[in-house]
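Okay, thanks for squeezing me in, everyone. Let me put the sequence and the structure up, and then I'll talk you through them.

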Amino acid sequence: MTTPNPTAGGPQAQAPADNGFAALALSPQMLANLTQLGYTQMTPIQAASLPPALLGKDLIAQAKTGSGKTAAFALALLSNLNPRRFAVQSMVLCPTRELADQVTTEIRRLARAEENIKVVTLCGGVALRGQIASLEHGAHIVVGTPGRLMDHLERGNLDLSALNTLVLDEADRMLDMGFFDDIVKVARQCPKERQTLLFSATYPEGIAKLAQQFMKNPEQITVQAQH
Ligand code: ADP
Ligand code: MG
């Protein structure tokens, strides 16, 4: 009796919200790739954040660990990206090298659908020289920790003039680790005309302060943990 019948109902009857990715403005190749990856339904944070993110809005998105936040921002930054323009168009700030490596892996999996998108990881604890060589070869996307990204910017190794998407991932952890000032400095090096996406598992006070420094009228999205 509780099974919805799509042919029943009056004028207000709507197609059931199936939370599939097909409702989003994504390329057919990207949709096929998502299916191949086994991503058939959007997770709740993806369903809430992708529509405004794909419209170019700034977001502060909060959902617990393991809820699929990486794909939420990765699909948004990939949709802003022109693969034929070989310049850094997106930058993702992460708290640690391990997390930056995970984000890089996920972006590469999602970017498979597009032609040759180059992602470079820039974290501390790794020799600068190899990173400089990678940057000289060119990149569409850089993923890194705030301190090392700042270092490259100060040395003039990283040109952000073509950047259109800035992502702060695990913002709460970056604040815990004392990265507030570095994040603000890095954000100030980005073009003003850009989209900024902030993702976090929790919403400590520092997040709003951070957002005030460099986000434009951010939409706030919270997906509560299910108990
Ligand atoms: P978070 O950053 O919120 O902690 P992740 O982005 O690391 O979460 O995602 C957790 C896991 O869920 C990953 O293994 C990822 O591949 C998987 N995942 C993400 N989105 C989907 C989806 N729509 N369908 C199935 N699996 C997904
Ligand atoms: Mg994450």
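One bit of vocabulary before the ligand: I'll call a residue near a molecule if its C-beta atom, placed from the backbone, lies within 6 Å of that molecule. And please keep in mind that this is a predicted model.

So, how many residues surround ligand 1? The count is 14, and the closest are Tyr39, Thr65, Gly68, Lys69 and Thr70. If you sort that shell by class, you get nine polar residues, four nonpolar ones and one charged. Which helix gives the most to the shell? That's H3, residues 69-79, with three residues.

Okay, zooming out to the whole chain. We've got seven strands and nine helices. The radius of gyration comes out at 18 Å, close to the 17 Å you'd get from the globule rule for 227 residues, so the chain is as compact as a globular protein of that length. For those of you setting up boxes, the C-alpha atoms fill roughly 65 × 40 × 30 Å along the principal axes. On burial, 35% of the 227 residues count as buried. And take the contacts between residues at least 6 apart in sequence: 72% of those join residues at least 24 apart.

Now let's go to helix H2, residues 44-54. Its buried residues are Ile45, Gln46, Ser49, Leu50 and Ala53. Look down the axis of H2 and those buried residues fall within an arc of 110 degrees, so they line one face of the helix. What do they pack against? Four elements: H3, which we met at the ligand, plus strands E1 (59-62), E6 (195-200) and E7 (219-222). One backbone detail while we're here: Gly56, just after H2, takes a positive phi of about 90 degrees.

Last stop, strand E6. Is E6 largely enclosed or largely open? Enclosed: five of its six residues are buried, so the rest of the structure largely surrounds it. E6 pairs with E1 in the parallel sense, over four bridges, and in that pairing Ala61 has Phe199 of E6 as its bridge partner. E6 also pairs with strand E5, residues 165-168, again parallel and over four bridges. There, Val167 stands opposite Leu197 of E6.

So if you rotate the model yourselves, try starting from E6, with its parallel partners E1 and E5, then find the buried residues of H2 packing against E6, and finish on H3 by the ligand. That's me done, happy to take questions.

Conventions. Residues are numbered from 1 along each chain as its sequence is written. Chains are lettered from A and ligands numbered from 1 in the order in which they are written. This is a predicted model: local features need pLDDT of at least 70, side-chain atom pairs count only at pLDDT 80 or more; totals for chains, interfaces and linings use all residues. Helices (H or I, at least four residues) and strands (E, at least two) are DSSP runs, numbered from the N terminus. Ala, Val, Leu, Ile, Met, Phe, Trp, Tyr, Cys and Pro count as nonpolar, Asp, Glu, Lys and Arg as charged, and the others, Gly among them, as polar. The radius of gyration is taken over C-alpha atoms; the globule rule is 2.2 Å times the number of residues to the power 0.38. A residue is buried if 20 or more other C-beta atoms lie within 10 Å of its own, exposed if 12 or fewer, and partly exposed in between; C-beta atoms are placed from the backbone. Two residues are in contact if their C-beta atoms, placed from the backbone, lie within 7 Å. The arc is that of the directions from the helix axis to the C-beta atoms. Two strands pair if DSSP finds at least two bridges between them.
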